[in-house]
Amino acid sequence: MSAEPILSIKGITKTFGGLKALVDVSFDIEKGDVFGIIGPNGSGKTTLINCITGFIRTESGQVRFRGKDITGWKPHKIADMGIARTFQIMRPYYSLPAFKNLIIPLWSPRARKTGGWRGGGKHGDRDTVAVDILEEIGFERDSRVPYKLASTLPTGYQKRLELARCMALRPDVIFCDEVFSGLSMSEIAGMVPLIEKMKSEGITLIMVEHRLRELFKVANRVMALNFGEKLTEGEPLDVIENKQVREAYLGSEGV
Amino acid sequence: MRKERIDRGLKVRTEGIYAINSAREILYLMGPRLLLIAGLLALPFVFEFAPYWKRVINIMCAYALLAIAFDFLANYVGLVCLGGAFFTGIGGYFAAIYNVNLGLPIYLSIPLATVSGALLCTFFLLPCLPLRGVYFAIVTLMYPLLFTRIIEALDIFGGTNGITGLDSFPNPYLEHYAIIIIALVFLFGMRRFVNQDVGLVLRGVKDNDQSVKASGINVTRMRIIAVFVASFIGCFAGAYIAHLYMWAGISLFALDFSIIPIASVVIGGGGTLVGAAIGAFILVPLSEILRAFGTFRIVIYCIVLTGFIVFKSEGIMIYLQRKYHQFERWVKV
Amino acid sequence: MELIVYGIINSITLSLVSLGFTLVYSISRVPNFAHGALYITSGYLTWTFLDKFAGFPYPLAILAGIGITSIVGAMIYQFILVRIRGMEISEIIATYAIGLAILEGLRWGGLRGMTFTLPAFFTGSVNILGASVDYQRLIIVGAGLLTFALLYLFTRYTKIGLAFRGIAQDERAAMMLGINSDMTAVVSLAIGSALAGFAAILLLPLGNIVVETGYNVLIFAIAVCVIGGLGSWGGVIVASFIIGFAQILTEAFISAHYQMVVALLAIIITLLVKPSGIFGKQKELEERV
Amino acid sequence: MRKLMLAIIVLGAMGLLLPGLSYTAEPPIVIGAPLSTAFLYGWDAERGIKLAADEINAAGGVKVGAVKRPFKIEVIDTRDLEPGVPVSEALLGLEKLILEKKADFIIGGPVRSEAALAAMDLLNRYKKVSIITTGVLTPAYHKKVEGNYSKYKYCFRNTSHVGVMMGEFVTLLEDMRKNYGFKTAAILVQDVEHARKGGEAMQKALTDKGWTVIAPKIYPTGTTDYSVGLSDAGKRGAQILFLWMDMPESTILLKQWADMKLKSIPVGFVNAAEQPGFMKASGGKGESLIVNLVNGGNAPAKITPWTMKFVDAYKKKWGLEPEGYGTSSSYMAVYQLKDAIEKAGSTDPDKVITALENGDIMGVYGRMRFDKKTHQVIPSMDPKEGAVTGIIQWQKGKRVQIFPPKTAEGKVVLPPWMKK
């Protein structure tokens, strides 16, 4: 059991019209890991997530989830397997109130299977579960916030909503694409416990981040990318000491 | 001086949640709806002495249905369908084939044509559903043209002469009420539907299909459901028109069936469904009144349409809603 | 052999008709559904100058016709489209409505029947490779090729042309570099309308000026642009040749009345196989999520 | 929403009030004319009908029983010839005439075949007698009457149809074969039902008579280039170009023909080439073209004494010659109706139908009688026997009647480049 990593990526390559976005990237993720992916802008982090979660077709390489080959699957199938993801550019369902945003993942086949929505068949039930999840993720239940239109929420809440959407699926793995970016220090301070809570619930997290300091608080393994190539992988502190990584980051981030 | 908008007492601004205390407040909420229902149902009697306008009611309701279908697809699912005529054409031809060639009575041919037409439309639109952007719009614009040409070139289904001799409705009141009641049912049914969980997912698809995919839902399947629902409505309108005029032909694929519903939605107010219907209730009679001007009415019509798009893009419905729920006053700053 | 000659003529005709539409779309991202109306407007104006003012020289009438059309195009943007810029569907509906208003207005104003036409520049015909071709069509081919060449040079070597390309590639970046996006859009609409007018002046002498042509022109322009890839100039030329030759070959070997079916099927197949068109780039961008 | 309701009610009230016009002692007989007035076949029919009604009213009106009642014409634009307009729009227009304008009889359209066919059921429903006078050339129309007489007995047609026109064309072409030794024909038609059927029928008829016929080329509406078909016809030595088109682009075809100087003469039904203004529009390139105007009297000719009288009256009222198909027939239809009403002594549909069936008057284009079973006007080559056609040739920029022989004013002239 322990020999089998929950997610195993082998030799993923992707080019955009001559531009190499990813070159032969391979890594394994164990269950319960908080796995950080770092690298300067344009190093292919988001592309990597897109490839793994099926939003982009890879040219070569293989993605295995719990031993099962899921390469080239459609995104919704991959999500259905238990791999959730957030988006770097958040776009909640603007025309819906915050709690109604969660109806969509709760309606998905996976949520119905895993009991994210506990039967009953009554219309109101999903709403109740949705508000519960929002409360877990830091929306004040009795305030107006969960009932506001998603488009009127501040960025911090929108990020939380994005996480809540993942949580509603009861996933095994969550890819977080820059959840800390664009947030104030105090907002980040509010987010970190959420990540830790997820970790404690046994969810495997893969975090793409620029905010290294915050990332290193939670991550137990880190991989560095540059120009689509994997530079190194290992314990956070080892990675940051790596010469290549420092070169890649030089001047761009305050390490 | 500046204009201030204040909500009337009842409405709590949390989208759709009301606290109702009295019969008066219930009336406040239900009033407009009841007015619409009662008004529509009374129309055939109101126009008892203007039989021609009774005929306009039928066409008006048919256009309202098409407008609802367009509004639903465009503003709730994010698929802009420029080919409402595709639905009417398919629905109408099915009705004609069932009624004339297979000899089914009218009360079977219309429902059957609606269902089979919707299935066929959905089937033909399948290929462009996984795509984003303007492709759905272009394909739907092209399909009615293509079908016209195919029927013309292959000389099938009566060729350019069309199929005539469909049964008409057994009595004029049935004719009016069939369409009025169905229009009301679809109108309120669709309003309910878009707030159901399925409807919410569809609205999610419109806002952000990537995120819906990441939530483990097959977006293409959702779009298929939506297209089926819309083409169901459209095909019913088509089958009804075919029976109303006892005829089906290639001009059921005519551009007017695509353009007028869109114009109705623009004028009535997109994203409300009721607005779409109201737009049709305004535009179709307006176009009848302007009939005396010949082709000039198209000019007037287009200018009104452009005016609405440019200067009042919210449409009449949303404007009325605002006036109903809020009042305005000038305050000193 | 003659099929090739006719194919080339037909293709160049198509590309002339659709060039204005593409130009506008590629620069300002406005799908100008009033294209067909502008086409007819230019023809009708030229006719009016010729017919109503006796002794009006033909070249001057042409210039006036194209000029006024181009001003109309610019005004459509300046007064209407600028307010709904970026809302694609509104743009489609608005331009379509304007086009319809112009066309039906002309019809109402007296453009009915089939007695309106422009004189050909030269009459007579010549035999090329066994195909008999009239002079007007030779002029069309010549003028078409010249237009392509001029447009190519214009966008490569003039300042405003380069600005156009900049906007076409990345509007936001171009704006940061100080290119006025609204101004270029106005100019693009003016040039696009002028191109529509120019095509009309060349093509209308072949037939007569009727409102229906306006609708047909629009359909062909869209067809060509969809197959070639919206906003791609090279695509327009290639797609015109595909449709042009497909039509001629259908007529020669199958039957003329499948021409339109072939053209429409080509569109639908293109959309299914390569939705962005032959030279389109949108799919690639879209894939980046 | 209340405002909206109010608006609807106000609109409705307007609709109610509109028909409430002045009431005179002798109420007029209302003739409804559903026409696509933005098109030749619409406006010329409108002018024909109005001319006839004015003449009749000036003479005191229609004698119904003991009283004289005037005709009142209500024209409505059905837009049915415009592309992109559904037939239901035309039918709604027809219903407006019947229900709101209280039309007693329908004369004129709908103009498009499919609209007219679809209108037959409506006419039965409202029991209104109608005479089709323009557009509609499909034989399906009178066949439908014959097929279900009791249902469609309200529908008459006093113009020709494809079947008859074919016979006339074949006779004309046979004449030309005798005179000039022509033996090869190419057929180019538009992709609409009646044209295609016409093309097929022509092919069959000519082949039977021993012609070499190049298989029909069918062009979709809106085709702008005919070079392939024309040069093909030229290469195979066609001396006759048989055309059947009612789209504006047919002018392109004629111009190409003239520019190519094809050694052939175009003959056929070409709607673009009917109007007097055609010569100018084609830049003189339509010379020698032979066009069928469907009925005599749509161009100046001496068919019956009435013909020139009609042409002159038309010129006086509208300032130009009758322009094309639909003028003389629409004019005659009003007179036929007048005759029938006077004979029936009432405006009761059934009585008028019987009277129309038995009607027999000498008209602008010959003797006007309806077939009792099909309600189709009886055609003939002889104006004394039935309705005659008006096939004209463009000669020196004028329309000259060349067929049928009994009414011909001139002979067929070949294009200059065909003369050896």
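Here's a quick briefing on one strand of chain A and on the contact between chains D and B. Keep in mind that this is a predicted model. In chain A, strand β9 covers residues 221-226 and pairs with β3(A) as well as with β10(A). Over at the other site, 40 residues of chain D meet 42 residues of chain B.

**Strand β9 of chain A**
- Of the 6 residues in β9(A), 5 are buried, so the strand is largely enclosed by the rest of the structure.
- β9(A) runs parallel to strand β3(A), residues 34-38, and 4 bridges join the two.
- Within that pairing, A:G36 sits opposite A:V222 of β9(A).
- With strand β10(A), residues 229-234, the pairing is antiparallel and involves 5 bridges.
- Here A:A224 faces A:T232 of β10(A).
- β9(A) and β10(A) form a hairpin with 2 residues between the strands, and A:F227 in this hairpin has a positive phi near 45°.

**Where chain D touches chain B**
- The contact brings together 40 residues from chain D and 42 from chain B.
- On the chain D side, at least two residues each come from α1 (2-17), β4 (71-77), α3 (87-100) and α4 (113-126).
- Helix α3(D) makes the largest contribution to that side, with 10 residues.
- Sorted by class, the chain D side holds 21 nonpolar, 8 polar and 11 charged residues.

Definitions and conventions
Residues numbered from 1 in each chain as written. Chains lettered and ligands numbered in written order. Predicted model: local features only at pLDDT ≥ 70, side-chain atom pairs only at ≥ 80, totals over all residues. Buried ≥ 20, exposed ≤ 12 C-beta atoms within 10 Å, placed from the backbone. Helix = DSSP H or I, 4+ residues; strand = E, 2+ residues; numbered from the N terminus. Pairing = 2+ DSSP bridges. Contact = placed C-beta atoms within 7 Å. Nonpolar A, V, L, I, M, F, W, Y, C, P; charged D, E, K, R; others polar.
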